2 protein chains.
Amino acid sequence: MMQRGFEPREFEQRTQAAQRMMQAAGLDALLLSTEADVRYFTGYLTRFWESPSRPWFVVVPAQGKPVAVIPSIGAALMAQTWVDDIRTWRAPDPADDGVSLLADTLNGLGARTIGTPMGYESHLRMPLADWARVQAALRGVVRDDAGIVARLRSVKSAAEVAKITQACAIAGRAFARVPQIARVGVPLSQVFRDFQRLCLEEGADWVPYLAGGAAQGGYGDVISPASDAPLVAGDVLMLDTGLVWDGYFCDFDRNFSLGPSDAQTEAAHARLIEAVDAAAHIARPGATAAQLFHAMDAIVTGGKGGSDAGRLGHGLGMQLTEGLSLIPQDHTVLEPGMVITLEPGIETGEGRMLVHEEDILITEGAAVFLSPRSGPAMVQL
Amino acid sequence: MMQRGFEPREFEQRTQAAQRMMQAAGLDALLLSTEADVRYFTGYLTRFWESPSRPWFVVVPAQGKPVAVIPSIGAALMAQTWVDDIRTWRAPDPADDGVSLLADTLNGLGARTIGTPMGYESHLRMPLADWARVQAALRGVVRDDAGIVARLRSVKSAAEVAKITQACAIAGRAFARVPQIARVGVPLSQVFRDFQRLCLEEGADWVPYLAGGAAQGGYGDVISPASDAPLVAGDVLMLDTGLVWDGYFCDFDRNFSLGPSDAQTEAAHARLIEAVDAAAHIARPGATAAQLFHAMDAIVTGGKGGSDAGRLGHGLGMQLTEGLSLIPQDHTVLEPGMVITLEPGIETGEGRMLVHEEDILITEGAAVFLSPRSGPAMVQL
């Protein structure tokens, strides 16, 4: 059985790397408030974030371990992490829901310039009214974290890669069992429920994300919940899952054909695989996100510059999507340890499309497929 | 099969109620950015929010339907809701990720005073840097929504209650099948996976939340992920689930005894049921959240004023927890249509506790249990 969690050394390295970057950026402390950012520096793993009722904070000081400023209900679990300094209040507290404890902590650390993620993909997970109160009580000022957290999280350690690999393998086994659950006449909503069951049976801790579609010759969109409409002969069924193992996601999909598919749809699917192969072929250190986009876009649109889906892949890890985007405007340079999805889509008619997605690891050499690479032909159900 | 979604009339009523309250509060528009708030006014239901990469906005103007300001990837799904005015940009766009489209929309509506949720349990789901840009581009000013959205969402319509009832019934059937999956020697992590499978088999759309614990005479906390440790004779196993049906949650737990339990643990469990009954008995219109807290606290601590868990229940609906808290400081007056959990905990030793939770509906008369009310004795496995 694979080891859960991380060695304390991993958190030490993450924290020390952040502290080096903080020093270069002139930051005395980092303030973190979201699930993934808090977990990245502490190892604090719980599904309790599903409840929006309590804010949670971690402060990374200029030196030493992170400091947790959290509701008392989380103290016992946080005490199991490598963090020593755990400050708690009994939340929810309408009079002062962690505001003064957080401000006191930052003031006590002597933090004059505090960074918090303010850029792409970030949000501050606390009420704006309380945020104003915190800022008013601070002796220091808060500004953007200079992208430090996103930058650190974008390159995965070997231990992180192992967890994503595990998640991908679990999803791969679940996809291989789709013929057991999907056939003509089964409602799509039932397929969704059964597929999540397969993911769990194959070892997923949980299945935060499942989307998909089923329609003749392609589907209309890729983010809708499942309808109760039964599968019909000739449908293309797509399932796209982000399941989690020990806090790390996979994110890839598979297309299936309900009975024989027509030549045009088969050709479109093969084109998607060709696009993935083209991007994977150039996905090496030094290549950019934009270059991967163009490699795929040339094949799926003839180079028109993308579609309304907005991108042809993205980073992946502690969140379903994180970090770079495969779009013309993203010139992020690939580095070993980055894990990304290749997710081209192709129009198959008015308002219809196919989307294919695989997960790859950037290495010193050729990219490694973490998802079990699909062949050009759809699996027929 | 129960009807999914809502009649357009439901969204009309929600919107008109908001607009009456906006007028009273001097607000020209509401700005919404989170999954539940956006869905409340539009019916936009998707698991795609799991991806943090794209912001989504809905503006409720002083009159007329809400306006959606969203990434183009969501246009097709939003077009299936009652919303007519759907404005899109191709996200992610590093140069302007919806900032100018949102500002133009609010300016175009002539909104001078804009409310957005800034209070308890809220957050703004967009990068702070972009939020500063939006505010700079607005002709109006943004302030707190005066609690309008939280107030509206706290009282459920009959159609909403039906969905929560359905979620509770599904979880009830899954809990009834726990003897099939949990016995001495089975790792807790396996029980967690299997219980989620049971929830899906019984009809859950998905299972966003599962927590629990298993230990001798009580568990140490109630938010930890499952370990791989096997169940032991004499353990109390607790499973606490928030599963979703058509976008609405249940949230309740059950305690099981692995073989016979000792008299002290049984008595503690019976005390929890007694506490729930005491709170349910007074849970009628006019009673306050604080009164329910004290009714339970008197029984579980002898009136010491609670524990580090922070509260003995909370509102429930589109989120696992939402709205009022059963704490001494919350004097929210109960109203028909509120759905709340009763969640007393009791210490059973140093660092050990039992927690029991049920879901009830406040009506004109006596509260109605939506979860299948537990008896005083734990089910023995």
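Two strands are said to pair if DSSP finds at least two bridges between them. Helices (H or I, at least four residues) and strands (E, at least two) are DSSP runs, numbered from the N terminus.

The model is predicted: local features need pLDDT of at least 70, side-chain atom pairs count only at pLDDT 80 or more, and totals for chains, interfaces and linings use all residues. Residues are numbered from 1 along each chain as its sequence is written, and chains are lettered from A and ligands numbered from 1 in the order in which they are written.

**Exercise 1. Describe how strand S5 of chain B pairs with S6(B), and place both in their sheet.**

Step 1. Strand S5 (residues 113-116) of chain B and S6(B) pair in the parallel sense, over 4 bridges. Within S6(B), Asp144(B) is the bridge partner of Thr116(B).

Step 2. The open sheet of chain B has 6 strands in the order S4-S3-S2-S1-S5-S6, with mixed pairing. Strand S4 (85-89) and strand S6 (141-144) of chain B stand at the edges with a single partner strand each, so one side of each is left without a neighbour in the sheet.

Step 3. Helix H2 (residues 35-42) of chain B packs on this sheet and touches strand S1 (29-32), strand S2 (57-61) and strand S3 (67-71) of chain B. The direction of H2 makes about 50° with that of S2(B). Here axes are lines fitted to C-alpha atoms, for helices over the stretch in contact, and angles run from 0 to 180 degrees between N-to-C directions.

**Exercise 2. Determine how chain B is related to chain A.**

Step 1. A turn of 180° and a shift of 0.0 Å along the axis lay chain B on chain A with an RMSD of 0.0 Å. The two copies are thus related as by a two-fold rotation axis. Superposition is by least squares on the C-alpha atoms of residues with pLDDT of at least 70 in both copies.

Step 2. Among the residues of chain B, Arg197(B) comes closest to the rotation axis, at 2.5 Å (C-alpha).

**Exercise 3. Characterise the contact between the chains.**

Step 1. The contact takes 64 residues from chain B and 64 residues from chain A. Two residues are in contact if their C-beta atoms, placed from the backbone, lie within 7 Å.

Step 2. S7(B) provides the largest share of the side of chain B that touches chain A, 6 residues.

Step 3. Because 100% of the interface residues of chain B are also interface residues in chain A, the copies meet through the same surface.
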